[in-house]
Amino acid sequence: MSSYETFAKFYDSLTENVNYEVRNDYVSNFFSRYNENGKKILDLACGTGTMTKFFVDKGYSVIGIDLSSDMLTVAKEKCPDTQFIKADMKHFSLTDNVDCCLCSLDAINHLTDIEDVDQCFKCVSEALNLGGIFIFDVNTPYKHNSVLADNTFVFDEEDYFLAWDNNYIGDNTVEIFLDFFIFNGKNYERYSENFYEKAYTVEELKMCLDRNSFEIIGIYDELTQEEPNDRSERIYFVCKKVK
């Protein structure tokens, strides 16, 4: 798996349109509604810690987990007093359980085998208190097949140029190639990274959740209270640990 060394440097710039504050408010409202006394949050696959920072600013006690040291270095700069752990999202454990867990921005899609998804959900379940809330979002098969597919996206910024090339390899899976051309003051240097994302059906994810003691409270189209439709590109699962 890529360490995202170059990706980490420009991740925040590339995700400026994500609107983290809106997403954090959306998730926080579910946490408050279904676990109003919960104050300890796990930000799983926290990346550069932007969502973590919004939780900290809301008064939550947060633990961030990510596999990339480079991402965690950026996260620690944003939240110097927050505990960050370098760990694989499908193989982690916590000393003390938490009340809520968030896994956002299609991190689950980076698990390219349903058994890995199942193992991740098992770790989350073990990390949560009984009644704890687990929220995650995923890219849908429709997005992988019809939006990402074999398309290329170009980012032409002041100090770098990025060619983002998707290669659809079947089974709802896309291989993503990132070619950064970074200006060093005289010319451009090229850095390349690649990784895979796989989309899962709602039924596949439901089975994994059921096996790991989660009850699904709701499945929603992105940042809404509406049910997904056949053209939804990202959906949110809101779940509760029930045993």
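Q: Before anything else, when do two strands count as a pair here?
A: Two strands pair if DSSP finds at least two bridges between them. The model discussed here is a predicted one.

Q: With that settled, what is the strand order in the open sheet of seven strands?
A: The order is 3-2-1-4-5-11-10, and the pairing in this open sheet is mixed.

Q: Which strands stand at its edges?
A: Strand 3 (83-86) and strand 10 (214-221) do. Each has a single partner strand, so one side of each is left without a neighbour in the sheet.

Q: And how much twist is there from one strand to the next?
A: In the sheet of seven strands, the twist averages 15° from one strand to the next.

Q: How do strand 5 and strand 11 pair, parallel or antiparallel?
A: Strand 5 (residues 128-139) pairs with strand 11 (residues 234-241) in the antiparallel sense, over seven bridges.

Q: Which residue in strand 11 is the bridge partner of Ile-133?
A: The partner of Ile-133 is Lys-240.

Q: Which strands does helix 2 lie across?
A: Helix 2 (residues 20-34) lies across strand 1 (40-44), strand 4 (98-103), strand 5, strand 10 and strand 11. Relative to strand 11, helix 2 runs at about 25°.

Q: Moving on, what about the open sheet of four strands: what is its order?
A: Its strands follow the order 6-7-8-9, with antiparallel pairing.

Q: Which strands are at the edges there?
A: Those are strand 6 (152-156) and strand 9 (188-198). Each of them has a single partner strand, so one side of each lacks a neighbour in the sheet. The twist in this sheet of four strands averages 15° from one strand to the next.

Q: How many bridges link strand 6 and strand 7?
A: Strand 6 and strand 7 (residues 160-170) pair over five bridges, in the antiparallel sense. Among the bridge partners, Phe-155 is matched with Leu-162 in strand 7.

Q: Now the helices. At what angle do helix 5 and helix 7 cross?
A: The axes of helix 5 (residues 114-127) and helix 7 (residues 202-211) cross at roughly 40° and come within 9 Å. That angle makes helix 5 oblique to helix 7.

Q: Is the crossing left-handed or right-handed?
A: The crossing of helix 5 and helix 7 is right-handed.

Q: Which residues meet there?
A: From helix 5, Ile-114, Val-117, Asp-118 and Phe-121 meet Glu-204, Leu-205, Cys-208, Leu-209 and Arg-211 in helix 7. The residues of this contact divide into six nonpolar, no polar and three charged.

Conventions: Residues numbered from 1 in each chain as written. Predicted model: local features only at pLDDT ≥ 70, side-chain atom pairs only at ≥ 80, totals over all residues. Heavy atoms only, no water. Axes fitted to C-alpha atoms, helices over the stretch in contact; angles between N-to-C directions. Helix = DSSP H or I, 4+ residues; strand = E, 2+ residues; numbered from the N terminus. Parallel < 35°, antiparallel > 145°, perpendicular 65-115°, else oblique. Left-handed = near helix turned anticlockwise from the far one by under 90°. Contact = heavy atoms within 4.5 Å. Nonpolar A, V, L, I, M, F, W, Y, C, P; charged D, E, K, R; others polar.
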